[in-house]
Amino acid sequence: KTPAASSASAATTTPATLTKPVGVNVGKGKWAPESWRTKKALQQPDYPDLAALEAVLETIEAFPPIVFAGEARLLEERLGQAAMGEAFLLQGGDCAESFKEFNANNIRDTFRIL
């Protein structure tokens, strides 16, 4: 068996019970960069200064992608292998990183460690 590694969050269920990710509407509508704005935000803080919020969102939009397209395709293939019992899944990551340290080099180095 080959390892299928990911820092993305995935449900830990057996392949027999996995039909689709929890909370994901598979096949409903098309994804677009702004589509998150149509979702109901639960447990979100109030943003009284909308101009400051927009400035932060513009800054975040300038960051490099968290996951590149080729990595997403490879992850999908390897998760499929794990779901079929042909591989195992090892998850890891840093849930305490700041935006200051968020850049392509740090992302690459984190994956090297994992």
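**Exercise 1. Locate glutamine 43 and describe its backbone and its exposure.**

Glutamine 43 lies in the loop between strand S1 (2-6) and H1, where helices (H or I, at least four residues) and strands (E, at least two) are DSSP runs numbered from the N terminus. The structure is a predicted model, in which local features need pLDDT of at least 70 and side-chain atom pairs count only at pLDDT 80 or more, while totals for chains, interfaces and linings use all residues. Residues are numbered from 1 along each chain as its sequence is written, and side-chain values use heavy atoms, with hydrogens and water left out.

The next step concerns the backbone: glutamine 43 is not a glycine, yet its phi is positive, at about 60°. Most residues other than glycine have a negative phi. Finally, glutamine 43 counts as exposed because its relative accessibility is 82%, given that buried means under 20% relative accessible area, exposed over 50%, and partly exposed in between (1.4 Å probe, protein chains only).

**Exercise 2. Trace the salt bridge of arginine 37 and place its partner in the chain.**

A salt bridge is a side-chain nitrogen of Lys or Arg within 4 Å of a carboxyl oxygen of Asp or Glu. Arginine 37 forms one with glutamate 54, the closest N and O atoms being 3.8 Å apart. This pair links distant parts of the chain, since arginine 37 is in the loop between S1 and H1 whereas glutamate 54 is in helix H1, 17 residues apart. Arginine 37 is partly exposed, with a relative accessible area of 38%, and glutamate 54 also counts as partly exposed, at 36%.

**Exercise 3. Describe the salt bridge between arginine 112 and aspartate 109, and explain their separation along helix H3.**

The side chains of arginine 112 and aspartate 109 meet in a salt bridge with an N to O distance of 3.7 Å. Because the two residues are 3 apart in helix H3 (residues 104-113), they are separated by about one helical turn. Arginine 112 counts as exposed, at 62% relative accessibility, whereas aspartate 109 is partly exposed, at 30%. Aspartate 109 also forms a salt bridge with arginine 108, where the closest N and O atoms are 3.1 Å apart.

**Exercise 4. Which residues does phenylalanine 63 contact, leaving aside its neighbours within four places in sequence?**

Phenylalanine 63 is found in the loop between helix H1 (50-61) and helix H2 (69-83). With those neighbours left aside, phenylalanine 63 is in contact (heavy atoms within 4.5 Å) with Phe99 and Phe102. The C-alpha atoms of phenylalanine 63 and phenylalanine 99 are separated by 9.3 Å, although the two residues are 36 apart along the chain.
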